[in-house]
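Please walk through this structure starting from a single residue and working outward. Which side chains does it touch, and what surrounds them?

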Amino acid sequence: MRKFFKPGGAFGVECAWFLPKDKIMDQERRRAPRIPFIASAEVLAESAGTRLAARISDISATGCYVDTINPLVDGTAVRLKILTATRVFEAPATVVYSHTHLGMGLMFGEVLPNSQDVLQNWLPAAN
């Protein structure tokens, strides 16, 4: 929770953040802002051959958050497929952080032009 001092020395709460401290730090380290985005996903851990069916809860130009009760460990290389009713995005990615029983943050690797077009279509236009 962030607290601010009001003029005259009175102490008050003007803005509250309900994110855990580590989540706030994750937000500050990102290179691109994430936007809420709900879609189905398939995550393939290339080295182990593990395939997860999951859900995307937010996305950016450089990564996304995957909701799953069985997140992979940090540093795991994966192949990501995000599916909506009309489009499919595919890219290599790396797990950059995981939250036990909640999900994991992925950073995209090299995104091919077709998938880059899909991603740009999902993201709001830059102002």
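Leaving aside residues up to four places away in sequence, Leu106 touches Arg34, Thr62, Gly63, Cys64, Val66, Val78, Leu80, Ala93, Thr94, Val95 and Val96. The model in which these contacts occur is a predicted one. Leu106 lies in strand S8, and its relative accessibility of 0% puts it under the 20% limit, so it counts as buried. One of its partners, Val95, is eleven residues away along the chain, yet the C-alpha atoms of Leu106 and Val95 are separated by 4.6 Å.

Leu106 is also part of a wider nonpolar core. The largest such core has 27 residues. Leu106 is among the members with the most contacts inside it, together with Ile59, Leu80, Ile82, Phe89 and Phe108. Leu80 thus appears both in this group and among the residues that Leu106 touches. Seven elements each supply at least two residues of the core: S3, S4, S5, strand S6 (77–83), S7, S8 and helix H2 (113–122). S3 provides the largest share, with five residues. In soluble globular proteins, nonpolar side chains tend to be buried together.

Two of the core residues just named, Phe89 and Phe108, bring in the aromatic rings. How many aromatic pairs are there? The count comes to four. Phe89 and Phe108 form a tilted pair, with 5.0 Å from centre to centre and 50° between the planes. This pair links distant parts of the chain, since Phe89 is in strand S7 (residues 88–99) and Phe108 is in strand S8 (residues 103–108), 19 residues apart. Phe89 has a relative accessibility of 0% and therefore counts as buried. Phe108 has a relative accessible area of 9%, so this residue is buried as well. Ring pairs extend the group into a cluster made up of Phe37, Phe89, Phe108 and Trp122.

Between S7 and S8, the two strands that hold this pair, is a loop that contains His101. The phi angle of His101 is near 65°, a positive value in a residue other than glycine. His101 counts as exposed because its relative accessibility is 59%, whereas Leu106 in S8 is buried at 0%.

The charged side chains come next. Which residues form salt bridges, and are they buried or exposed? A search of the whole structure finds three salt bridges. In one of them, the side chains of Asp58 and Arg34 meet at 3.4 Å, N to O. Asp58 lies in strand S4 (residues 50–59) and Arg34 in the loop between helix H1 (21–29) and strand S3 (35–45), so the bridge ties together parts that are 24 residues apart in sequence. Both Asp58 and Arg34 are buried. Arg34 is also one of the residues that Leu106 touches.

Another salt bridge joins Arg51 and Glu42, with the closest N and O atoms 3.7 Å apart. Arg51 counts as exposed because its relative accessibility is 56%. Glu42, at 30% relative accessibility, counts as partly exposed. There is also a salt bridge between the side chains of Asp67 and Arg55, at 2.8 Å, N to O. This pair again links distant parts of the chain, with Asp67 in strand S5 (residues 63–67) and Arg55 in strand S4, twelve residues apart. Asp67 has a relative accessible area of 22% and is therefore partly exposed. Arg55 is partly exposed too, at 40% relative accessibility.

With these details in place, the chain can be viewed as a whole. Its secondary structure comes to two helices and eight strands. From the N terminus on, the elements run β-β-α-β-β-β-β-β-β-α. Of the 127 residues in the chain, 35% are buried. Among contacts between residues at least 6 apart in sequence, 51% join residues at least 24 apart. The chain exposes about 8000 Å², and carbon and sulfur atoms supply 56% of that area.

Confidence in the prediction should be kept in view. The mean pLDDT of the chain is 81, and 73% of its residues reach 70 or more. Over residues 1–27, pLDDT stays under 50. For this stretch the model has 28 contacts beyond four places in sequence.

Conventions:
Residues numbered from 1 in each chain as written. Predicted model: local features only at pLDDT ≥ 70, side-chain atom pairs only at ≥ 80, totals over all residues. Heavy atoms only, no water. pLDDT = per-residue confidence, 0-100. Contact = heavy atoms within 4.5 Å. Phe/Tyr/Trp six-rings, centres within 6.5 Å; stacked < 30°, edge-to-face > 60°. Helix = DSSP H or I, 4+ residues; strand = E, 2+ residues; numbered from the N terminus. Buried < 20%, exposed > 50% of the residue type's maximum accessible area, 1.4 Å probe, protein only. Salt bridge = Lys/Arg side-chain N within 4 Å of Asp/Glu carboxyl O. Areas by Shrake-Rupley, 256 points an atom, 1.4 Å probe, with all protein chains shown as cover. Core = buried A, V, L, I, M, F, W, Y, C linked by side-chain atoms within 4.5 Å.
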